[in-house]
Amino acid sequence: MPIRSLTDDALAAIDERLTDTDALLARGYPGDDGRRQPVHTAYLPADRFTPNTARTWGVAALTAAEEVGGVAAVAEIVGLAGDPALADLVRHKLGTEPLEDLRLDFEDGYGDRGDAAEDADVLAAAAAVSRSVADGTAPPFIGIRFKCFEAPTRARGLRTLDLFLGALVEAGPLPAGLTLTLPKVTTVGQVEAMVDVAGRLEQALDLPDGRLRFEVQVETPQVILGADGTAPVARLIHAGAGRVSSLHYGTYDYSASLGIAAQYQSMEHPAADHAKNVMQLAVAGTGVHLSDGSTNILPIGDAAHVADAWRLHARLVRRHLERGIYQGWDLHPAQLVTRYLATYAFYREGFAAAATRLRNYVHKVDSAILDEPATARALASFIHRGVTCGAVTAGEVASAAEVTVDTVRDLALNRPIQPQEIR
């Protein structure tokens with residue numbers, strides 16, 4: 001029998017030495033918590049929202065497609081006509097859940113209309129959101145973007161947030177998918193202030209501790225590279241005390257702040273890629289989601305421009321998906337057609353290979369690719385995202401991967417699976 005060189009006391013000393021490291025990893029890098037991530041966030045001025053907005057956007061998207069011959073024709077225009085099931089799946093999505101996430105905008109998309117007007121619009125928006133949730137017409141995720149914490153707009157932003165939440169609570173339980181967006185963050189201190197605000201509001205409104213989480217919109221270079229040479233965007237996640245749910249890249253404010261000419265401001269500019277690469281590193285392992293921004297080239301107007309705008313949007317959506325960013329922004333109903341075409345094509349084109357590799361891993365089938373547990377989690381996560389958004393069906397998973405959707409989810413979240421779960 002081999003002689004041990006490390007005694008039990010030595011092992012205990014190492015454990016004690018790494019106690020703080022273990023606590024840091026558990027607290028700061030807990031991994032994916034299983035929350036659904038929407039494939040997009042749609043924006044509209046807050047005063048335009050009604051309980052019928054989601055349906056209206058879906059109808060408008062389908063109408064835009066019908067003007068060129070239908071969803072299958074749009075797929076042909078953008079080069080995604082190879083999968084016969086694709087158009088039917090997208091039509092179904094636009095008819096049943098056209099919006100996954102909707103943000104009622106009280107910031108740039110709303111402007112400064114004076115306190116009386118904004119107060120009235122906030123209360124009307126809260127009432128409309130409450131009705132839509134009660135009626136079952138609200139998207140799975142819905143909330144507001146209020147004005148930023150810079151000195152000129154701080155008080156107005158906080159007043160809007162306060163009134164909105166107060167009115168929602170008065171009408172009934174908060175929506176399960178309530179999402180709040182803090183824009184134009186430049187310092188960690190602003191996130192710490194938002195944590196303080198959230199705690200005060202929870203106490204005042206008799207909400208559970210931690211109920212209010214928020215997205216951070218990354219729109220300024222100061223949060224990517226601080227004056228001390230560090231990356232504040234990474235620090236702010238941990239300063240958020242578990243309340244930061246997502247980081248969203250702001251295409252145009254960020255580009256303009258770097259002096260990039262308007263005609264070159266884009267989600268694919270090298271400066272944009274640098275910022276999103278830093279953001280992607282910052283969220284890794286934290287459980288915080290990451291979203292790309294938007295394109296302001298809208299598919300409206302003459303037929304040639306519409307086709308070009310759809311091609312651009314589809315390409316940009318595919319681009320951020322390939323780079324591991326699974327969410328983006330949409331600004332117009334007609335963009336929903338290419339949002340779902342490009343997203344569904346991404347998952348469906350990669351599904352067969354991912355399902356085969358996951359089947360081989362789970363069932364221990366010899367193959368030319370030897371996948372490790374981390375890669376198996378990535379394969380399962382890919383399939384699970386596809387199922388969640390509607391790109392892939394549970395039947396397709398059962399047939400191709402020979403496991404259930406629940407097993408795929410457990411593998412994606414690194415949960416142990418029982419032998420009886422494997423068919």
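**Close-up views of helix packing and the sheet in a predicted model**

**View 1. Helix H8 (residues 188-204) packs with helix H9 (residues 232-239) at an angle of about 15°, their axes lying 9 Å apart.** Because angles under 35 degrees count as roughly parallel, H8 is roughly parallel to H9. The crossing of these two helices, H8 and H9, is right-handed. On the H8 side the contact is formed by Val-188, Val-191, Glu-192 and Val-195, and on the H9 side by Pro-232, Arg-235, Leu-236 and Ala-239. Sorted by class, the residues where H8 meets H9 comprise six nonpolar and two charged, with no polar ones. The model shown in this and the following views is predicted.

**View 2. Helix H5 (residues 86-96) crosses helix H13 (residues 335-362) at roughly 130°, and their axes come within 10 Å.** H5 and H13 are therefore oblique to each other. The crossing of H5 and H13 is right-handed. H5 contributes Leu-86, Leu-89, Val-90, Lys-93 and Leu-94 to the contact. From H13 come Leu-336, Val-337, Tyr-340, Leu-341, Tyr-344, Ala-345 and Arg-348. The contact of H5 with H13 contains 10 nonpolar residues and two charged residues, and no polar ones.

**View 3. An open sheet is built from eight strands with parallel pairing.** The strand order across the sheet is S7-S6-S5-S4-S3-S2-S1-S8. At the edges are strand S7 (289-291) and strand S8 (328-330), each of which pairs on one side only. From one strand to the next, the twist averages 25°.

**View 4. Strand S1 (residues 40-45) pairs with strand S2 (residues 101-105) in the parallel sense.** The pairing of S1 with S2 runs over four bridges. One residue pair can be picked out here: Leu-44 has Leu-104 in S2 as its bridge partner.

**View 5. Helix H11 (residues 270-283) packs on the sheet.** The strands touched by H11 are strand S5 (214-218), strand S6 (244-249) and S7. The direction of H11 makes about 165° with that of S6. Of the strands touched by H11, S7 is an edge strand of the sheet. In the strand order, S7-S6-S5 is the stretch that begins with this edge strand.

Terms used: Residues numbered from 1 in each chain as written. Predicted model: local features only at pLDDT ≥ 70, side-chain atom pairs only at ≥ 80, totals over all residues. Heavy atoms only, no water. Axes fitted to C-alpha atoms, helices over the stretch in contact; angles between N-to-C directions. Parallel < 35°, antiparallel > 145°, perpendicular 65-115°, else oblique. Left-handed = near helix turned anticlockwise from the far one by under 90°. Contact = heavy atoms within 4.5 Å. Nonpolar A, V, L, I, M, F, W, Y, C, P; charged D, E, K, R; others polar. Pairing = 2+ DSSP bridges.
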